[in-house]
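Open the model in your viewer and keep the selection box ready. Each stop gives you something to select and says what is there.

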Amino acid sequence: MARRPSRASAAQVLVRHRGTPPGGRTVYAVHPGALPVGVWANLAGALPPGTGFVVLDLGALPAYLEAALDPDASDLTVDGLIDSLTGVYRAAAAESGGGPATFVGWSFGGVVAHGMTERLAPGERPDSVVLLDSIAPTDTYKYEEDEGIDPHLVLRWFAMFLGAKRGKEVHARPLPDGSDVRDGLELLLKDAVADGVLPEGTPPQSMWKLFDAYTAGLLRNNRLTLPYRPARAGTPLAQIKAQNSLIQADPTLGWSEVADHAVSAHTVPGDHYTMLIRPDASRAIAGLIPASRPAQLVKPRRDTQ
């Protein structure tokens with residue numbers, strides 16, 4: 001049986017940014033860590049008056065952190081995370097009066113937000129799920145442990161992450177063909193120093209430590225999704241991608257493969273990380289919650305799952 005996060009940590013999972021007036025809508029955002037939970041403040045402030053905003057922080061669950069630090073000792077599953085957050089959500093919804101709800105899931109948080117929705121009884125569910133640059137847990141986007149993730153892709157993601165953490169963009173050069181991760185990190189270190197993101201003289205070992213911590217989270221999430229098979233999405237889905245998305249070519253990042261409804265597809269300014277930080281992106285996202293003006297409908301696919 002999968003280990004579940006302790007009850008003692010459950011109170012820390014819920015971060016309430018804005019209260020919900022009687023009968024008002026509450027937005028519940030599932031946060032997978034990587035950036036501080038406070039980055040949601042811009043989106044909370046951009047929502048219409050009378051809309052409550054609550055963050056469900058996976059990073060507050062000890063078992064989720066341990067799964068990145070010591071994967072061999074972890075038996076955490078996506079279903080275990082869904083069960084834990086579903087309990088927290090039910091308690092928060094009862095406290096707010098049980099009004100209408102929208103789920104928002106950024107990155108891996110979208111996988112958990114969708115799973116929670118389909119786990120809930122029909123009368124408990126949100127009326128929509130908004131995915132923020134979230135990759136669907138389908139075979140298309142899963143990587144076997146011995147394959148690894150394309151280094152060109154990971155280094156681009158890491159450059160975005162590094163820039164968001166430091167508040168400056170890294171203008172990273174493309175990794176030359178035939179280069180490995182070490183070569184890419186050496187180039188990225190030079191670019192980050194040139195852009196003022198890292199100080200002159202930053203040792204390569206420090207870059208490696210940052211990269212190792214970053215990839216530990218990526219690999220944990222991939223390990224969690226490998227055996228996981230998402231339920232078909234009966235609740236309407238909206239995918240809001242960043243202009244500089246994790247995966248540029250796919251408008252729904254795989255979610256059309258598991259959706260019973262067409263998936264509404266949108267784009268906002270920024271990259272995968274700064275879309276939560278930039279005020280213009282927050283305003284754009286707020287205007288799409290709940291998604292009532294789909295920019296583009298992508299028909300669901302039934303050839304997988």
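The tour below goes from strands to cores, then to a pocket, salt bridges and two single residues.

**Before you start**

This is a predicted model, in which local features need pLDDT of at least 70 and side-chain atom pairs count only at pLDDT 80 or more, while totals for chains, interfaces and linings use all residues. Residues are numbered from 1 along each chain as its sequence is written, and side-chain values use heavy atoms, with hydrogens and water left out.

**Stop 1: strand β2**

Helices (H or I, at least four residues) and strands (E, at least two) are DSSP runs, numbered from the N terminus. Select β2, residues 26-31. Six of its six residues are buried, so β2 is largely enclosed by the rest of the structure. Buried means under 20% relative accessible area, exposed means over 50%, and partly exposed lies in between (1.4 Å probe, protein chains only).

Show the side chains of β2. Thr26, Tyr28 and Val30 point one way, and Val27, Ala29 and His31 point the other way.

Now add β3, residues 52-57. β2 and β3 pair in the parallel sense over six bridges. Two strands pair if DSSP finds at least two bridges between them. Look across from Tyr28 to find Val54 in β3.

**Stop 2: strand β7**

Select β7, residues 263-271. Eight of the nine residues of β7 are buried, so this strand is largely enclosed by the rest of the structure. Add β6, residues 237-244. β6 and β7 pair in the parallel sense over six bridges. Ile240 stands opposite His266 in β7.

**Stop 3: the nonpolar cores**

In soluble globular proteins, nonpolar side chains tend to be buried together. A nonpolar core here is a set of buried Ala, Val, Leu, Ile, Met, Phe, Trp, Tyr and Cys residues joined through side-chain atoms within 4.5 Å.

Select Trp40, Phe53, Leu132 and Met275, which have the most contacts inside the largest nonpolar core, a set of 54 residues. Helix α6 (residues 151-166) gives the largest share of this core, 10 residues. A second, separate core has 39 residues, including Tyr28, Ala67, Val129 and Ala136.

Which residues does Phe53 contact, leaving aside its neighbours within four places in sequence? Among them are Val15, Val27, Ala29, Trp40, Leu43 and Leu47. Contact means heavy atoms within 4.5 Å.

**Stop 4: the largest pocket**

About 830 Å³ of space lies in the largest pocket. On a 1 Å grid over the protein atoms alone, a pocket is an open set of points where a 1.4 Å probe fits, with protein on both sides within 12 Å along at least five of seven lines; lining residues have an atom within 4 Å of a point. Grid points are joined across faces, edges and corners, and the volume is the space filled by probe spheres set on the points.

Select Ser107, Gly217, Leu218, Arg220 and Asn221: of the 37 lining residues, these are the closest to the centre of the pocket. Then select α8, which supplies the largest share of the lining, 11 residues. α3, α5, α6 and α8 each supply at least two lining residues.

**Stop 5: salt bridges**

Side chains of opposite charge can pair when their charged atoms come close. A salt bridge is a side-chain nitrogen of Lys or Arg within 4 Å of a carboxyl oxygen of Asp or Glu. The structure holds 10 salt bridges.

- Asp127 and Arg25 meet at 2.8 Å, N to O. Asp127 lies in the loop between α5 and β5 and Arg25 in the loop between β1 and β2, so the pair ties together parts that are 102 residues apart in sequence.
- Asp139 and Arg229 pair with their closest N and O atoms 3.6 Å apart. This pair ties together parts that are 90 residues apart in sequence. Asp139 is exposed at 53% relative accessibility, and Arg229 is partly exposed at 47%.
- Asp260 and Arg232 meet at 2.9 Å, N to O. Their loops are 28 residues apart in sequence.
- Asp79, Asp83 and Arg119 are joined into one network by salt bridges that share partners.

**Stop 6: His272 and Pro176**

Is His272 buried or exposed? His272 is buried, at 2% relative accessibility. Find His272 in the loop between β7 and α9. Its contacts beyond four places in sequence include Trp106, Ser107, Asp133 and Asn244.

Finish at Pro176, in the loop between α6 and α7. Pro176 is partly exposed at 40% relative accessibility. Not counting residues up to four places away in sequence, Pro176 touches His152 and Leu187. The C-alpha atoms of Pro176 and Leu187 are separated by 10.0 Å.
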